[in-house]
Amino acid sequence: MIPGKHSIQSYNGPLRLRADVAIVGAGAGGCAAAAALAERGLTVVVLEEGSHWNPADFKADTGFAFRHLYQGGGARSLRGNAVIPMPGGKGVGGSTLINSAICFRCPDEVMRSWREDHGCHTIQDATFNEYFDRIWETLGVGVNPMSVQRNNNLIFREGAEALGLKGAFMARSAPGCQGCGICQYGCPSGGKYSVDRTFLARALATGRVGVYANCRIRKADTQGDRVVSVSGVTTHPDYPERQLPVIVEADQFLLSGGPIGSPLFLLANGLADNTTCGRHLVVHPTIGSLARFPQEIRPWSGVTQGYYVDMWDQGYLLQTYTVTPDQYFLVLQTRMGEATMEVMKDLKYMASAGVLVHDEDSEGRVQHTPAGPDLSYFLGDLDRQRLIAGLRQTARVYFAAGATEGFPGRLGLARIERESDIDAALPMDISPAELMLYASHPMGTCRMGVDPATSVVDPHGKVWGWANLRIADASVFPTSLGVNPQVTTMAMGLMVGHSIAS
Ligand SMILES: Cc1cc2nc3c(=O)[nH]c(=O)nc-3n(C[C@H](O)[C@H](O)[C@H](O)COP(=O)(O)OP(=O)(O)OC[C@H]3O[C@@H](n4cnc5c(N)ncnc54)[C@H](O)[C@@H]3O)c2cc1C
Ligand code: SF4
């Protein structure tokens with residue numbers, strides 16, 4: 001392994017690498033773990049199937065972003081009692097390249113449940129609070145100024161305050177945010193601090209880390225209870241047929257391929273059993289709503305996701321969001337029928353926000369099949385009702401802020417014209433298939449625990465049955481989190497990295 005950044009442009013022949021630790025996947029978990037390992041003196045090779053990126057490479061171009069930065073070209077989805085798009089990132093930085101930079105610490109009661117109900121004694125408040133402080137400092141986390149929040153966030157705050165709801169501007173890992181509203185395409189100003197520019201940059205600065213982009217790892221070779229090497233091929237963004245072999249030897253291996261990539265790798269290589277691995281997928285099911293205002297909102301301008309309303313006690317959060325006009329159209333044209341063109345024509349008068357549910361009785365599964373990955377998720381009745389309650393609450397917030405019409409994410413519902421119509425337009429028996437669902441927070445498919453019969457990794461992230469194979473990503477969460485997961489994923493990366501080093 002040669003320290004520094006490497007990519008397809010510099011690969012002239014087969015790659016044969018060696019380091020103390022090999023990390024597969026350079027997302028939130030993998031990059032934080034790389035920093036934790038390098039600072040303790042270990043050499044690390046990081047392998048990532050996507051490319052290295054600079055802020056100047058990013059642009060407001062859906063085709064470009066989906067092709068280069070998204071798993072499955074942006075078309076990844078879940079089957080089940082509804083079809084749910086489930087985007088995920090690809091590239092050095094993983095999903096943090098395309099996320100909205102929202103930062104929440106793992107709630108105390110979730111950490112307590114992971115300790116007390118799942119036996120994860122490593123999830124101690126004191127240790128994790130130190131990790132959260134470190135993440136705050138490393139990623140420059142803070143609330144962005146009013147000047148970049150703009151109308152889409154301000155109007156939601158106005159409605160929430162009128163109703164006396166508990167809300168706040170969210171802390172974000174984007175200290176230099178300019179409010180261009182295209183976080184999901186990569187941040188072109190560099191104002192967002194994704195993990196490649198923070199944790200991984202610090203790891204690289206030690207001189208002990210080599211980051212090999214454009215390497216897809218497929219296979220693990222084992223001897224006894226040890227992994228001896230992993231192997232795969234190089235990936236070329238423009239010429240997929242041009243592949244070179246990659247083989248990596250290490251003393252310790254860390255999977256950080258995310259909650260879809262990590263279980264698929266284990267299952268494809270027979271490293272874990274499908275009675276536990278890939279099960280318990282939770283995703284924070286989400287639905288968006290729009291509302292029309294008499295005044296201009298210009299929802300595409302401002303912090304992508306700036307303000308939230310805390311409905312934690314009822315199992316959900318409301319969060320503002322924006323996407324680019326072509327993304328509004330892509331969603332609306334298939335789902336809102338005739339109202340679509342009207343909404344698009346008046347998009348500058350619209351505001352948008354979503355409800356994010358803390359999965360309680362929903363569950364999904366990641367399966368490796370000869371035909372490829374099979375990703376499923378079944379929305380439970382309680383979670384379905386939470387989503388509907390959240391849609392109603394979002395509509396109330398908008399009417400309280402002066403909206404003249406609401407457009408919640410229910411298929412076949414053209415509009416809600418007045419506040420008094422909300423409950424009738426959104427009855428509690430709407431079926432999952434009628435809800436316009438979205439899921440960008442997969443978690444839990446390699447859950448941590450103390451019993452190999454019900455978990456995939458032990459409380460230190462070690463895969464049951466293997467002496468030198470660990471996981472550090474959002475797949476190890478024992479349950480759904482209820483808040484946006486990047487910070488808790490990074491904290492897991494730090495914890496598992498330190499555990500390997502010690
Ligand atoms: C559109 C979007 C918006 C989001 N917004 C927020 C937000 O505002 N706040 C928040 O807290 N969370 C947000 N999230 C979620 C958050 O980004 C993720 O929970 C977090 O990044 C998960 O980290 P991870 O390490 O598990 O996986 P990832 O960050 O997804 O990284 C996994 C990496 O592994 C690579 N990989 C997988 N398999 C292989 C293989 N076999 N070989 C080589 N490489 C491989 C992938 O290409 C990817 O780069 C968002 C997610 C999305 C998709
Ligand atoms: S909204 Fe802010 S963080 Fe997001 S892409 Fe634009 S400048 Fe970057």
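Two strands are paired here if DSSP finds at least two bridges between them, and strands (E, at least two residues) and helices (H or I, at least four) are DSSP runs, numbered from the N terminus. The views below come from a predicted model, in which local features need pLDDT of at least 70, side-chain atom pairs count only at pLDDT 80 or more, and totals for chains, interfaces and linings use all residues. Residues are numbered from 1 along each chain as its sequence is written, while chains are lettered from A and ligands numbered from 1 in the order in which they are written.

**View 1. β11 pairs with β12 and with β10.** Strand β12 (residues 245-255) and β11 are antiparallel, with five bridges between them. Look for S231, which faces I247 of β12. On β10 (residues 215-223), eight bridges lead to β11 (residues 226-234), again antiparallel. Here I217 has G232 of β11 as its bridge partner.

**View 2. The turn of the β10–β11 hairpin.** Two residues lie between the strands. One to find in the turn is G224, with a positive phi of about 60°.

**View 3. The surroundings of ligand 2.** There are 15 residues around this ligand (C-beta atom, placed from the backbone, within 6 Å). Those that come nearest are C177, C180, C183, C187 and K192. By class, the shell holds eight nonpolar residues (Ala, Val, Leu, Ile, Met, Phe, Trp, Tyr, Cys, Pro), one charged (Asp, Glu, Lys, Arg) and six polar (the others, Gly among them).

**View 4. Where domain 1 meets domain 2.** Contacts (C-beta atoms, placed from the backbone, within 7 Å) link 13 residues of domain 1 with 13 of domain 2. On the domain 1 side, seven are nonpolar, six polar and none charged.

Methods:
Two residues are in contact if their C-beta atoms, placed from the backbone, lie within 7 Å.
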